[in-house]
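I opened this notebook to record what I looked up, beginning with a pocket and moving on to two residues.

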Amino acid sequence: ALLEAYRPGSTFKTVTATAGLCESVITESTTFYCNGVSRFDYGNGHHPTCTGHHGNTAVVNSLKMSCNVFFYEVGQMLGIDKIDQYAAYFGLGVDTGLELPTATGWVASPAEMEKRGGTWDQGQVWQASIGQSETKVTPLQLAVQAMTLANKGTRYEAHLVKSINNYDLTQTLNETQPVVASDLSGHDDVFDIVQHGMREAANRRPTLSHFAEGVAIKTGTPQVTNSTTNSTTIGFYPALEEPEIAVSIVLEEGEYSADMLELIINA
(Lines give C-alpha, C1' and ligand atoms only; values in the text may rest on other atoms or scores of the structure.)
Protein backbone atom coordinates (compact mmCIF):
# COMPACT_ATOMS: atom_id res chain seq x y z
CA ALA A 1 0.00 0.00 0.00
CA LEU A 2 2.88 2.39 0.73
CA LEU A 3 5.88 1.28 -1.32
CA GLU A 4 4.57 -0.34 -4.53
CA ALA A 5 3.63 1.81 -7.53
CA TYR A 6 0.92 0.78 -10.00
CA ARG A 7 -0.69 2.28 -13.08
CA PRO A 8 -4.01 3.74 -11.91
CA GLY A 9 -5.90 3.06 -15.13
CA SER A 10 -9.30 4.69 -15.55
CA THR A 11 -9.50 5.83 -11.91
CA PHE A 12 -7.37 8.70 -13.28
CA LYS A 13 -10.27 9.89 -15.45
CA THR A 14 -11.64 11.72 -12.40
CA VAL A 15 -8.49 13.89 -12.52
CA THR A 16 -8.88 14.56 -16.25
CA ALA A 17 -12.56 15.37 -15.80
CA THR A 18 -11.87 17.78 -12.93
CA ALA A 19 -9.09 19.51 -14.87
CA GLY A 20 -11.23 19.83 -17.99
CA LEU A 21 -14.12 21.37 -16.06
CA CYS A 22 -11.97 23.66 -13.89
CA GLU A 23 -10.02 24.91 -16.91
CA SER A 24 -13.26 25.39 -18.90
CA VAL A 25 -12.12 23.28 -21.85
CA ILE A 26 -15.39 21.36 -21.36
CA THR A 27 -18.70 21.97 -19.63
CA GLU A 28 -21.16 19.49 -18.17
CA SER A 29 -22.95 19.36 -21.54
CA THR A 30 -19.91 19.05 -23.84
CA THR A 31 -20.15 15.85 -25.88
CA PHE A 32 -17.80 13.83 -28.06
CA TYR A 33 -18.83 10.98 -30.32
CA CYS A 34 -17.55 7.51 -29.44
CA ASN A 35 -17.83 4.66 -31.93
CA GLY A 36 -15.16 2.61 -30.21
CA VAL A 37 -12.19 4.21 -31.98
CA SER A 38 -10.67 7.66 -31.46
CA ARG A 39 -10.25 10.09 -34.34
CA PHE A 40 -6.63 10.56 -33.25
CA ASP A 41 -3.89 8.70 -35.11
CA TYR A 42 -0.65 7.53 -33.54
CA GLY A 43 0.99 8.29 -36.88
CA ASN A 44 1.20 4.69 -38.08
CA GLY A 45 -2.42 4.20 -39.05
CA HIS A 46 -3.39 2.95 -35.59
CA HIS A 47 -5.90 4.77 -33.40
CA PRO A 48 -6.43 4.61 -29.63
CA THR A 49 -9.56 2.62 -28.86
CA CYS A 50 -12.42 2.45 -26.37
CA THR A 51 -13.93 -0.60 -24.70
CA GLY A 52 -17.43 0.33 -25.86
CA HIS A 53 -19.51 2.35 -28.33
CA HIS A 54 -21.00 5.23 -26.34
CA GLY A 55 -22.32 7.55 -29.07
CA ASN A 56 -22.49 11.23 -28.16
CA THR A 57 -21.37 11.22 -24.55
CA ALA A 58 -20.82 13.98 -21.97
CA VAL A 59 -18.72 13.92 -18.82
CA VAL A 60 -21.16 12.29 -16.35
CA ASN A 61 -21.99 9.43 -18.70
CA SER A 62 -18.32 9.12 -19.70
CA LEU A 63 -17.34 8.63 -16.05
CA LYS A 64 -20.21 6.19 -15.59
CA MET A 65 -19.30 4.13 -18.67
CA SER A 66 -15.54 4.87 -18.53
CA CYS A 67 -15.40 6.10 -22.12
CA ASN A 68 -11.80 6.35 -23.30
CA VAL A 69 -12.63 8.40 -26.39
CA PHE A 70 -14.15 11.22 -24.34
CA PHE A 71 -11.08 11.50 -22.13
CA TYR A 72 -8.64 11.32 -25.06
CA GLU A 73 -10.38 14.45 -26.35
CA VAL A 74 -10.24 16.23 -22.99
CA GLY A 75 -6.59 15.31 -22.51
CA GLN A 76 -5.72 16.60 -25.97
CA MET A 77 -7.27 19.96 -25.13
CA LEU A 78 -5.64 20.17 -21.69
CA GLY A 79 -2.11 19.12 -22.62
CA ILE A 80 0.24 17.16 -20.40
CA ASP A 81 1.30 20.10 -18.21
CA LYS A 82 -2.27 20.74 -17.03
CA ILE A 83 -2.89 17.03 -16.56
CA ASP A 84 0.22 16.77 -14.37
CA GLN A 85 -0.73 19.92 -12.43
CA TYR A 86 -4.12 18.50 -11.46
CA ALA A 87 -2.70 15.07 -10.69
CA ALA A 88 -0.47 16.77 -8.11
CA TYR A 89 -3.50 18.56 -6.63
CA PHE A 90 -4.97 15.11 -6.02
CA GLY A 91 -1.77 13.80 -4.41
CA LEU A 92 -0.59 11.61 -7.29
CA GLY A 93 3.16 11.48 -7.76
CA VAL A 94 3.83 13.66 -4.70
CA ASP A 95 4.67 13.06 -1.05
CA THR A 96 1.55 12.15 0.96
CA GLY A 97 2.98 13.44 4.25
CA LEU A 98 2.63 10.05 5.95
CA GLU A 99 4.92 9.41 8.92
CA LEU A 100 6.22 6.13 7.44
CA PRO A 101 8.46 5.85 4.36
CA THR A 102 6.40 5.74 1.18
CA ALA A 103 7.05 5.61 -2.53
CA THR A 104 6.33 8.88 -4.31
CA GLY A 105 5.43 7.39 -7.67
CA TRP A 106 5.32 9.54 -10.76
CA VAL A 107 2.92 10.93 -13.33
CA ALA A 108 3.58 10.69 -17.07
CA SER A 109 5.49 13.61 -18.59
CA PRO A 110 8.22 14.16 -21.19
CA ALA A 111 10.82 14.33 -18.40
CA GLU A 112 9.67 11.04 -16.84
CA MET A 113 9.66 9.35 -20.22
CA GLU A 114 13.20 10.56 -20.93
CA LYS A 115 14.34 9.37 -17.48
CA ARG A 116 13.10 5.88 -18.38
CA GLY A 117 14.73 5.81 -21.80
CA GLY A 118 11.53 6.24 -23.78
CA THR A 119 10.37 8.68 -26.43
CA TRP A 120 7.60 11.14 -25.74
CA ASP A 121 4.98 11.77 -28.41
CA GLN A 122 1.43 13.09 -28.59
CA GLY A 123 0.02 9.59 -28.14
CA GLN A 124 1.41 9.57 -24.59
CA VAL A 125 -0.85 12.53 -23.72
CA TRP A 126 -3.91 10.52 -24.75
CA GLN A 127 -2.77 7.51 -22.74
CA ALA A 128 -1.89 9.66 -19.71
CA SER A 129 -5.44 11.05 -19.80
CA ILE A 130 -6.82 7.59 -19.00
CA GLY A 131 -4.21 6.62 -16.40
CA GLN A 132 -1.87 4.69 -18.68
CA SER A 133 1.47 5.76 -20.18
CA GLU A 134 4.22 6.16 -17.57
CA THR A 135 1.98 7.07 -14.62
CA LYS A 136 2.52 4.88 -11.55
CA VAL A 137 1.23 5.68 -8.06
CA THR A 138 0.75 3.91 -4.74
CA PRO A 139 -2.54 2.57 -3.36
CA LEU A 140 -2.22 5.13 -0.55
CA GLN A 141 -2.04 7.94 -3.12
CA LEU A 142 -5.14 6.55 -4.81
CA ALA A 143 -6.94 6.66 -1.45
CA VAL A 144 -5.79 10.27 -1.02
CA GLN A 145 -7.19 11.00 -4.48
CA ALA A 146 -10.53 9.53 -3.37
CA MET A 147 -10.41 11.66 -0.21
CA THR A 148 -9.82 14.80 -2.26
CA LEU A 149 -12.79 14.00 -4.49
CA ALA A 150 -14.96 13.41 -1.41
CA ASN A 151 -13.77 16.70 0.12
CA LYS A 152 -14.55 18.61 -3.10
CA GLY A 153 -10.96 19.62 -3.70
CA THR A 154 -9.35 19.82 -0.27
CA ARG A 155 -6.48 17.35 0.13
CA TYR A 156 -5.05 16.74 3.60
CA GLU A 157 -1.72 15.16 4.36
CA ALA A 158 -2.07 11.47 5.11
CA HIS A 159 -1.75 10.68 8.80
CA LEU A 160 -1.56 7.54 10.91
CA VAL A 161 -3.72 7.39 14.03
CA LYS A 162 -2.02 5.31 16.72
CA SER A 163 -4.94 5.30 19.12
CA ILE A 164 -8.16 7.10 19.99
CA ASN A 165 -8.74 7.47 23.71
CA ASN A 166 -12.13 9.14 23.48
CA TYR A 167 -15.24 7.21 22.48
CA ASP A 168 -16.65 10.33 20.86
CA LEU A 169 -14.79 9.83 17.57
CA THR A 170 -16.06 13.01 15.95
CA GLN A 171 -14.98 15.21 18.85
CA THR A 172 -11.56 13.61 19.07
CA LEU A 173 -10.71 13.96 15.39
CA ASN A 174 -12.02 17.52 15.23
CA GLU A 175 -9.55 18.48 17.95
CA THR A 176 -6.64 17.58 15.68
CA GLN A 177 -5.28 20.05 13.16
CA PRO A 178 -5.06 18.30 9.78
CA VAL A 179 -2.53 19.79 7.38
CA VAL A 180 -3.99 20.98 4.07
CA ALA A 181 -1.61 19.76 1.38
CA SER A 182 -3.42 21.28 -1.62
CA ASP A 183 -6.70 23.02 -2.21
CA LEU A 184 -9.01 23.08 -5.21
CA SER A 185 -11.97 24.18 -3.10
CA GLY A 186 -14.24 26.83 -4.57
CA HIS A 187 -15.16 24.54 -7.46
CA ASP A 188 -18.14 22.85 -5.84
CA ASP A 189 -20.01 22.87 -9.15
CA VAL A 190 -17.18 20.91 -10.76
CA PHE A 191 -16.99 18.34 -7.98
CA ASP A 192 -20.77 17.97 -7.96
CA ILE A 193 -20.54 16.92 -11.62
CA VAL A 194 -17.63 14.51 -11.08
CA GLN A 195 -19.26 13.00 -7.99
CA HIS A 196 -22.48 12.53 -9.99
CA GLY A 197 -20.55 10.49 -12.55
CA MET A 198 -18.95 8.44 -9.78
CA ARG A 199 -22.33 7.72 -8.16
CA GLU A 200 -23.68 6.63 -11.53
CA ALA A 201 -20.71 4.27 -11.88
CA ALA A 202 -21.48 2.75 -8.47
CA ASN A 203 -25.18 2.40 -9.28
CA ARG A 204 -24.30 0.12 -12.19
CA ARG A 205 -23.09 -2.51 -9.71
CA PRO A 206 -25.62 -4.60 -7.74
CA THR A 207 -23.11 -4.91 -4.87
CA LEU A 208 -23.17 -1.12 -4.38
CA SER A 209 -26.47 0.21 -5.74
CA HIS A 210 -28.45 -0.98 -2.70
CA PHE A 211 -26.78 1.43 -0.25
CA ALA A 212 -29.38 4.13 0.43
CA GLU A 213 -26.66 6.62 1.45
CA GLY A 214 -25.02 6.27 -1.97
CA VAL A 215 -21.54 5.17 -3.02
CA ALA A 216 -19.16 6.98 -5.38
CA ILE A 217 -16.53 5.04 -7.33
CA LYS A 218 -14.31 5.01 -10.37
CA THR A 219 -12.82 1.78 -11.59
CA GLY A 220 -9.85 0.97 -13.78
CA THR A 221 -8.29 -1.94 -15.65
CA PRO A 222 -4.70 -0.79 -16.12
CA GLN A 223 -2.39 -2.79 -18.34
CA VAL A 224 0.61 -4.44 -16.68
CA THR A 225 1.92 -6.30 -19.73
CA ASN A 226 0.46 -6.93 -23.17
CA SER A 227 -1.46 -9.87 -21.74
CA THR A 228 -2.13 -9.00 -18.07
CA THR A 229 -4.13 -6.32 -16.27
CA ASN A 230 -4.78 -5.24 -12.71
CA SER A 231 -8.14 -4.09 -11.36
CA THR A 232 -8.27 -0.76 -9.52
CA THR A 233 -11.03 1.11 -7.70
CA ILE A 234 -11.21 4.40 -5.85
CA GLY A 235 -14.30 5.53 -3.99
CA PHE A 236 -15.90 7.08 -0.96
CA TYR A 237 -18.93 6.48 1.25
CA PRO A 238 -21.52 7.75 1.96
CA ALA A 239 -21.85 9.74 -1.23
CA LEU A 240 -25.20 11.43 -0.55
CA GLU A 241 -24.26 12.58 2.95
CA GLU A 242 -21.06 13.77 4.65
CA PRO A 243 -18.46 11.20 3.48
CA GLU A 244 -16.78 9.15 6.20
CA ILE A 245 -14.35 6.84 4.41
CA ALA A 246 -12.20 7.02 1.29
CA VAL A 247 -11.02 3.76 -0.24
CA SER A 248 -8.64 2.50 -2.88
CA ILE A 249 -8.22 -1.09 -4.02
CA VAL A 250 -5.55 -2.54 -6.28
CA LEU A 251 -6.21 -6.16 -7.15
CA GLU A 252 -3.15 -7.59 -8.87
CA GLU A 253 -3.97 -9.51 -12.07
CA GLY A 254 -7.60 -9.78 -10.93
CA GLU A 255 -11.01 -8.45 -11.88
CA TYR A 256 -14.00 -6.64 -10.37
CA SER A 257 -12.16 -4.99 -7.48
CA ALA A 258 -15.13 -2.62 -7.05
CA ASP A 259 -17.25 -5.48 -5.74
CA MET A 260 -14.88 -5.76 -2.74
CA LEU A 261 -16.00 -2.29 -1.67
CA GLU A 262 -19.30 -3.65 -0.33
CA LEU A 263 -17.35 -5.71 2.23
CA ILE A 264 -15.38 -2.66 3.32
CA ILE A 265 -18.49 -0.51 3.74
CA ASN A 266 -20.25 -3.24 5.74
CA ALA A 267 -17.20 -3.63 7.97
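Before sorting a lining by class, I noted that Ala, Val, Leu, Ile, Met, Phe, Trp, Tyr, Cys and Pro count as nonpolar, that Asp, Glu, Lys and Arg count as charged, and that the others, Gly among them, count as polar. I also kept in mind that this is a predicted model.

Entry on the pocket. I looked up the second largest pocket, which has a volume of about 750 Å³; of the 35 residues that line it, those closest to its centre are Ser-10, Thr-51, Ser-66, Gly-220 and Thr-221. By class, I found ten nonpolar, 19 polar and six charged residues in this lining. Helix 2 (59-65), helix 3 (68-78), strand 5 (216-220) and strand 6 (231-237) each supply at least two lining residues, and strand 5 gives the most, with four.

Entry on Ser-66. I placed this residue in the loop between helix 2 and helix 3, and I recorded Ser-66 as buried because its relative accessible area is 15%, under the 20% limit. Its side chain makes a polar contact of 3.4 Å with the side chain of Ser-10. Leaving aside neighbours within four places in sequence, I listed Ser-10, Lys-13, Thr-51, Asn-61 and Lys-218 as the contacts of Ser-66.

Entry on Lys-152. I then turned to the loop between helix 7 (139-150) and strand 3 (154-156), where Lys-152 lies, and noted that this residue counts as partly exposed at 24% relative accessibility. The side chain of Lys-152 makes a polar contact with that of Asp-192 at 2.6 Å. The C-alpha atoms of Lys-152 and Asp-189 are separated by 9.2 Å, although these residues are 37 apart along the chain.

Note on methods. Residues are numbered from 1 along each chain as its sequence is written. This is a predicted model: local features need pLDDT of at least 70, side-chain atom pairs count only at pLDDT 80 or more; totals for chains, interfaces and linings use all residues. Side-chain values use heavy atoms; hydrogens and water are left out. On a 1 Å grid over the protein atoms alone, a cavity is a set of points where a 1.4 Å probe fits but cannot get out, and a pocket is an open set with protein on both sides within 12 Å along at least five of seven lines; lining residues have an atom within 4 Å of a point. Grid points are joined across faces, edges and corners, and a volume is the space filled by probe spheres set on the points. Buried means under 20% relative accessible area, exposed over 50%, partly exposed in between (1.4 Å probe, protein chains only). A polar contact is a pair of N or O atoms within 3.5 Å; within protein, one must be able to donate a hydrogen and the other to accept it, and residues adjacent in sequence count only if both atoms are side-chain atoms. Contact means heavy atoms within 4.5 Å.
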